[in-house]
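Hello,

Here is the structure I promised to pass on to you, and below it I have written out what was found, so that you can follow each point on your own screen.

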Amino acid sequence: MPAFQEHFREIAPRYSALRGLDARAVRRIARRIAQLGASGGGGGGGGGRLALLDVGTGSGRYLDAVTAELDARNVAISSATGVDASRHMLDSLRATFPRGRAAGALADALSFNALHHFPSFDAFLAEVTRVLKPGGLLVLYTRTPEQNRLTVWGQHFPGFAERETRLYTRPQLRDALGRVSALGLVTLRVAAWWQWTTLPGLVRQARRRHYSTFRYYSEPQFAAALAAFQRRIRGCYPCPWAIPVRNNHLIAFGVRRA
């Protein structure tokens, strides 16, 4: 098992620069939260304000983006808090947003960085429903194994899809959410977004281990896979300086029953 605390310690200072951000999903999530606020749900602070909690916030980039989008929609927010098991990622959050909307707090019980890092998905859902007030909204943004195989890494980086065994399938996500009697109005939606990148940019991301999946390679395995990846990319894309990359994710929404 890779030492993931060491992984996040190394990647924290450059995490936001290495990873893209799904702006379309941010708008979609903010719109759903805004609808919740308009209906009087959410159970945030007084005066109808909403309280946001981002579990496994990392550098806080998505929490900050969602909060900024809500600000633009004039949605009142009483607090926006990111919790994470990695002190180094939280340090990155505070350095990036010293006056920002996101506040970092180290969590022991909720020591997650992303859905596939959860030690127990069922335990997480139980804790979420305990924390959410009636009408509160659960939002999960994740990737399935099928979606992972269709990424540029899953298609062209040898062994990438096979090594990543922590992802949940869509039926598994639906079943887990369906077992939580306290959650109602559960929906799963595909979120797709495109970005342009370059071969040097992809190589830089891989070398800097922007996905924790790369930690499952030994150094010789990684070097051989990276060389093969570059050959495959050159063979598939005529211009290595303009590579279209499609990213697919799932967004799950669930509302806490009264």
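R130 and E127 both belong to helix α6, which covers residues 121-131, and they sit 3 residues apart, about one turn of the helix. In this predicted model, their side chains meet in a salt bridge, with 2.6 Å from N to O. Side chains of opposite charge can pair when their charged atoms come close. R130 counts as exposed, at 59% relative accessibility, whereas E127 is partly exposed, with a relative accessible area of 24%.

The structure holds 5 salt bridges, and two others are worth following on the screen. The side chains of R209 and E219 meet at 3.0 Å, N to O; because R209 lies in the loop between α11 (199-207) and α12 (219-236) while E219 lies in helix α12, this pair ties together parts that are 10 residues apart in sequence. R209 is buried, with a relative accessible area of 10%, but E219 counts as exposed, at 54%. The side chains of R166 and E164 also form a salt bridge, at 2.5 Å from N to O, and both of these residues are buried.

On the surface, R24, R27, R31 and R246 form a positive patch, to which helix α3 (residues 23-38) gives the most, with 3 residues. R27 has its place in that helix and counts as partly exposed, at 40% relative accessibility.

As for the whole protein, there are 12 helices and 6 strands, and 49% of the 258 residues count as buried.

Best wishes

Terms used:
Residues are numbered from 1 along each chain as its sequence is written. This is a predicted model: local features need pLDDT of at least 70, side-chain atom pairs count only at pLDDT 80 or more; totals for chains, interfaces and linings use all residues. Side-chain values use heavy atoms; hydrogens and water are left out. Helices (H or I, at least four residues) and strands (E, at least two) are DSSP runs, numbered from the N terminus. Buried means under 20% relative accessible area, exposed over 50%, partly exposed in between (1.4 Å probe, protein chains only). Patches are made of residues with over 30% relative accessible area and no salt bridge: like charges are joined within 9 Å, nonpolar side chains (Val, Leu, Ile, Met, Phe, Trp, Tyr) within 5 Å. Accessible areas come from the Shrake-Rupley method with a 1.4 Å probe; for residues, only the protein chains shown count as cover. A salt bridge is a side-chain nitrogen of Lys or Arg within 4 Å of a carboxyl oxygen of Asp or Glu. Lys and Arg count as positive and Asp and Glu as negative; His and the chain ends are not counted. The place of a charge is taken as NZ of Lys, CZ of Arg, CG of Asp or CD of Glu.
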